Amino acid sequence: MIESAQAMTREIAAILRGQAPAIYLYGSVALNDFQLGWSDIDILVLTRREITRPQAEALLHLRQAMLERNPGNPYFGLFEGGMLSLDALLYRKTERTVYWGSSGQRIDEGYDLDSFGLATLLDCGIPLHGEDLRARLNAPAYEQLRGDCARHLRAVRVYGDSVGWLLDIARGIYTLRTGKVIAKTAAGEWALTENLCPDPEAMRTALRIRKEPLRYSKDERKLDSGIIQRFADLLDDELQKENRKL
């Protein structure tokens, strides 16, 4: 995976020549929790100035171009994240931005790095290229973390139908209780140790699949939504406790 990240970095840096790009990996890779078949490769690219239209167009489909040149590579399609100027990220300026996501890519007018991603970027992000600019970024406030936990809860209520949501819920509860962000696998193991999950066997199943995802089909990752929602109720309770403190 690291060799693919280095190859992707060289391509991005070549396209952004003259922009002094700073390129980082964060998320599960930085937390030593990347699992092929489950995880994305989170990447952030910060430039000196606004990305030009030709640069944005060259970056837009770079993942597909790398796959065409390297058929069978399992990693190039997994890169996700934003490419924008440092000022645009710091001050939420509206300007040309390239976004790569699981559902596609687009040229946009901004990129919002959520508090979980920002926390891992600052705590353990992996600099791949350029000057390390992280000292210019502010760590997320607890209120931002709490807000993203609430957003995750809303997503669970709508989409929660597979084992991965149990790990997301566990991570949210851990963050609310500690103010810190940990890997999803570690969060699931913590929830088991703390006897938090209403269905411990479901959590153990989630962890088995997380650690060896290529052994399991999509159908095998499905889980009774009732189990997920009962655990989500605990996250909801934690959020209500925090709201009452304010």
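1. In this note, Ala, Val, Leu, Ile, Met, Phe, Trp, Tyr, Cys and Pro count as nonpolar, Asp, Glu, Lys and Arg as charged, and the others, Gly among them, as polar. The structure discussed here is a predicted model, and the points below should be read with that in mind.

2. With these classes in hand, the lining of the second largest pocket can be divided into ten nonpolar, five polar and eight charged residues. This pocket holds about 470 Å³ of space, and of the 23 residues that line the second largest pocket, Leu89, Arg92, Asp112, Leu113 and Leu118 are the closest to its centre. Helix 4 (86-91), helix 5 and helix 6 each contribute at least two residues to that lining.

3. The largest pocket has a volume of about 1,400 Å³, and among the 43 residues lining the largest pocket, those closest to its centre are Asp40, Glu80, Asp168, Arg171 and Lys184. Its lining comprises 14 nonpolar, twelve polar and 17 charged residues. Several elements each supply at least two residues of this lining, including strand 3 (79-85), strand 4 (97-101), strand 5 (104-108), helix 6 (142-159) and helix 7 (164-178).

4. Is serine 39 buried or exposed? Serine 39, which sits in the loop between strand 1 (22-26) and strand 2 (41-47), counts as buried because its relative accessible area is 5%, and buried means under 20%. Leaving aside residues up to four places away in sequence, serine 39 touches Ser28, Asp33, Phe34, Leu78 and Arg210.

Note on methods
Residues numbered from 1 in each chain as written. Predicted model: local features only at pLDDT ≥ 70, side-chain atom pairs only at ≥ 80, totals over all residues. Heavy atoms only, no water. 1 Å grid on protein atoms, 1.4 Å probe; cavity = no way out; pocket = protein on both sides within 12 Å on 5 of 7 lines; lining within 4 Å. Points joined across faces, edges and corners; volume = space filled by probe spheres on them. Helix = DSSP H or I, 4+ residues; strand = E, 2+ residues; numbered from the N terminus. Buried < 20%, exposed > 50% of the residue type's maximum accessible area, 1.4 Å probe, protein only. Contact = heavy atoms within 4.5 Å.
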